[in-house]
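Let's take a walk through a protein model together, starting from a single residue and working outward. Keep the 3D view open and turn it as you read.

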Amino acid sequence: MTSTLDSRAVASPSASTRTRKGNAARRRRTVFYFIAPAMLGFLIFFGYPLIATVYYSFTRYDLINAPEFIGFDNYVRMFTSEPLVGTAAYNTLWLVIVLTVCRVVFALGVASVISRLKSGVGLVRTLCYLPSLAPPAAATLAFVFLFNPEYGPVNAFLDFVGIDGGLWFNDPAMSKPALTLLVMWGSGELMIIILAALLDVPQEQYEAAELDGAGPVRRFWHVTLPSISPVLLFGVVNSIIFALQFFTQAIVAGSAAAGAADVAGNTKFIGAPQNSTLTYPVWLYVQGFRYFNMGYAAAMAVLLFVVSAGFTWILVRQLRKSQHQEEGG
Amino acid sequence: MTTLAEPRHAAPASEPPKVRMRRKWDKKLYWIATHSVGIAMGVIFMLPILFVFLTAVMSSDQALSSNFWPTEWHFENFIEVFEKAPLLRYFGNSMLYSTLATVGALVSAIPAAYALSKLKFRGQNLFFMLTVAAMMLPPQVTVVPLYDLWVRLGFTGTLIPLIAPYFFFDAFSIFLLRQFFLTIPKDYLEAAKIDGCNEFKAMVKVLIPMAKPGIAATAMFCFLFTWNDYFGPLLYTGETRDSWPLSLAIASFRGMHHVEWNLTMAATALIMLPVIVLFVFAQKSFVKGITFTGVKG
């Protein structure tokens, strides 16, 4: 504050407009130096490929021969004659709905339990957060082992309690639920964000609600939920986008459970069992980088872009709103 | 300290020692009862990691027997995995990728985040929103032209396509650093400028030292993200085994040694270990950084 007063005092009527203009130019140059690398990087690694993807989506391109313009053929093929893209889209839609709901509700549940603890918050938070740092490829392998139908500890435990464990990653109906469990186990980041929001809810509001005779459930609905709703929205959008790009866990689980010799080397086991783990990004990868149908993969990418841009827009708008609130007061 | 002091206040001196003992136990039981849900949650979350480490030291037969606890402890499994696969090489590749990418992300993101949080310019809001959008975009959206570009430059099969972009633009690092920088009062920078610093000097001499915890957190997230990255390496180094990082190698390891789950879990434990060590040492920065990514600013 003092500094602005000082500079105004110095720059009072005596300062000529020319130096002021010079200052503005210098300031603009400074800003340019600071953001030039990032701008360049943005243009090369986001701007250019976004536009180029749209162009490639109208071509047939195998990386060796020049792209050949074929109009809307890729899109037509995508929506009509190719069954596996439908399977992939269905799997991803399944994940978008189930995985998002499970992840957010679970993270909210765990965070509320932690927020009620009187002591040991740090320890419990640490234990719940740590799994989310595990490398996805490694965590997936661990889960394929844990959920092994014959000798995995999970089915052994279920057997002990008297429940018939399923085939999990080897059963087309159970592979996606198993992947969902894996994601829930690794949702510690979201839990910490929600926990921080929960601890931020003003205590007086709870007390006021309690005086008005509101029970725990009503307090949760009328006090907790409204105050943490921006963070929950962030969690939902974040989870949807996470589900839309679900790749590593799906491709590793599918291949590893089927006993593939080498995930990087063959396509035979991708999506196993019975294409139930063939997500949209996995099929995009196979089309583009195993079959070298780059144009077709680009068309798939354009559709993915449209869908995820829609959800990103919701988040950006929310972000802008909270920013205005902060600046406004 | 408090547990020692409290009973003295609560219980009169004349009370027999037996009752005092029981009170202490009651208190402990009460604590366990009220915290049982929390404790149970923590245990459940840790179980998979515990099983990985327990299976890693089993004999290969026992790993297939659905026993939880190893009957014999085969710590030599950890050495055997290094003989079965060139894990050291993969480890080196992972280190190279993660370290260089982290350095690059900091070099490019600190000035950008400084401009976004401490300077005023036209299009600032737009630039910030574009950064957020880039952060949220699935990597598969831009991958076709980028792959094409790197093929033409002749860099596929190396780690260069993975590392180079970080030296220009890493949306997440810019975003996170901006959030941290916003918490540092502008007054310090103004004071430095009155003392004759230009913006660059103010950033290096004042902001960076003050923002050290935030920069450390950003570096850790970048390291972690690249260490865990699977899609990028699969795309660019999938066919060049020599350039594989650990994440890629681990997924193929199990296939190469079919039923030897004990060795696969030993390798899995080895790739998880650096992450766990990093976390134990820098837990607070992680938590703070994560909280900052929630929509707060």
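Start by finding F253(B), which sits in helix α13 of chain B, the stretch covering residues 246-256. One thing to keep in mind as you look: this is a predicted model. Is F253(B) buried or exposed? Its relative accessible area is just 1%, and buried means under 20%, so F253(B) counts as buried.

What does F253(B) touch, once we ignore its neighbours within four places in sequence? Its contacts are V81(B), K84(B), A85(B), L263(B), T264(B) and A267(B). Now look a little further along the chain to M272(B), which comes 19 residues away from F253(B). The C-alpha atoms of these two residues are 15 Å apart.

Next, hop over to N77(B), in helix α3 of chain B, which runs over residues 77-84. N77(B) has a relative accessible area of 4%, so this residue is buried as well. Setting aside residues up to four places away in sequence, N77(B) is in contact with A56(B), V57(B), M58(B), N262(B), L263(B) and A266(B). Spot L263(B) in that list? L263(B) is also in contact with F253(B).

Time to zoom out to chain B as a whole. How many helices and strands does chain B have? The tally is 15 helices and 0 strands. Of its 297 residues, 54% are buried. If you take the contacts in chain B between residues at least 6 apart in sequence, 71% of them link residues at least 24 apart. As for the outside, chain B exposes about 14000 Å², with carbon and sulfur atoms supplying 68% of that area.

Finally, let's look at some empty space. Rolling a probe the size of a water molecule over the atoms reveals where such space is left. The second largest pocket has a volume of about 550 Å³. Which elements give two or more residues to its lining? From chain A there are α4 (83-116), α6 (136-146), α7 (153-161) and α8 (175-185), and from chain B there is α2 (17-56). The biggest contributor is α2(B), with 6 residues.

In total, 20 residues line this second largest pocket, and those nearest its centre are F147(A), V154(A), I44(B), L47(B) and P48(B). What kinds of residues make up the lining? The count is 20 nonpolar, no polar and no charged.

Notes:
Residues numbered from 1 in each chain as written. Chains lettered and ligands numbered in written order. Predicted model: local features only at pLDDT ≥ 70, side-chain atom pairs only at ≥ 80, totals over all residues. Heavy atoms only, no water. Helix = DSSP H or I, 4+ residues; strand = E, 2+ residues; numbered from the N terminus. Buried < 20%, exposed > 50% of the residue type's maximum accessible area, 1.4 Å probe, protein only. Contact = heavy atoms within 4.5 Å. Areas by Shrake-Rupley, 256 points an atom, 1.4 Å probe, with all protein chains shown as cover. 1 Å grid on protein atoms, 1.4 Å probe; cavity = no way out; pocket = protein on both sides within 12 Å on 5 of 7 lines; lining within 4 Å. Points joined across faces, edges and corners; volume = space filled by probe spheres on them. Nonpolar A, V, L, I, M, F, W, Y, C, P; charged D, E, K, R; others polar.
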